[in-house]
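Hi,

Here is the structure I promised to pass on. Have a look when you get a minute, and my notes follow underneath.

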Amino acid sequence: MPTLRPRTESSVLVVVDVQPTFLRPIWEAERVVQRAAFLLEIARLLDVPIIATEQVPAKMGGSDPQIAHLVGRAIAKSTFGCCEEPEFLHALHATHRREVVVVG
């Protein structure tokens with residue numbers, strides 16, 4: 001089976017709801033956050049666009065503090081799926097990228 005390798009020129013990194021409220025029940029959540037931070041740092045170094053979402057941040061809290069500074073402004077959403085949020089779809093289409101790397 002061929003290995004799928006995202007290309008920097010056609011990829012976008014999507015960070016989905018990496019919020020403390022959702023991380024609490026996850027086994028080795030700290031490791032998840034560290035991996036997300038690593039991907040964010042690499043994306044920034046390679047000029048890969050980053051789009052982040054937060055599920056109802058006023059109620060659930062914002063992005064984990066360890067990645068918040070790497071994410072920048074996150075798109076607030078109240079739907080389960082990112083694609084149900086018009087602002088997310090607009091941001092995704094605006095990148096003109098066809099490969100999506102998802103973390104979260």
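How many bridges join strand β1 to β4, and do they run parallel or antiparallel? Five bridges link β1 (residues 11-16) to β4, and the two strands run parallel. Within that pair, Ser11 sits opposite Glu99 in β4. Bear in mind that this is a predicted model.

The wider sheet is an open one of four strands, in the order β3-β2-β1-β4, with parallel pairing. Its edges are β3 (75-77) and β4 (99-103), each of which pairs on one side only. On average, neighbouring strands are turned by 25° against each other, ignoring direction.

Two helices to look at next. Helix α2 (residues 29-45) packs on the sheet and touches β1, β2 (50-55) and β4; the direction of α2 makes about 150° with that of β1. Helix α5 (residues 86-95) lies across β1, β2, β3 and β4, and runs at about 170° to β2.

Now the bit you may want to open first: the pockets. The largest pocket comes out at about 180 Å³. Its lining is made up of Pro6, Arg7, Thr8, Ser11, Leu13, Leu39, Ile42, Ala43, Leu46, Val48 and Val101. By type, that is eight nonpolar residues, two polar and one charged. Both β1 and α2 supply at least two lining residues each, and α2 gives the most, with three. Ser11, the residue opposite Glu99, is among those lining the pocket.

Cheers

Conventions:
Residues are numbered from 1 along each chain as its sequence is written. This is a predicted model: local features need pLDDT of at least 70, side-chain atom pairs count only at pLDDT 80 or more; totals for chains, interfaces and linings use all residues. Side-chain values use heavy atoms; hydrogens and water are left out. Two strands pair if DSSP finds at least two bridges between them. Axes are lines fitted to C-alpha atoms, for helices over the stretch in contact, and angles run from 0 to 180 degrees between N-to-C directions. Contact means heavy atoms within 4.5 Å. On a 1 Å grid over the protein atoms alone, a cavity is a set of points where a 1.4 Å probe fits but cannot get out, and a pocket is an open set with protein on both sides within 12 Å along at least five of seven lines; lining residues have an atom within 4 Å of a point. Grid points are joined across faces, edges and corners, and a volume is the space filled by probe spheres set on the points. Ala, Val, Leu, Ile, Met, Phe, Trp, Tyr, Cys and Pro count as nonpolar, Asp, Glu, Lys and Arg as charged, and the others, Gly among them, as polar.
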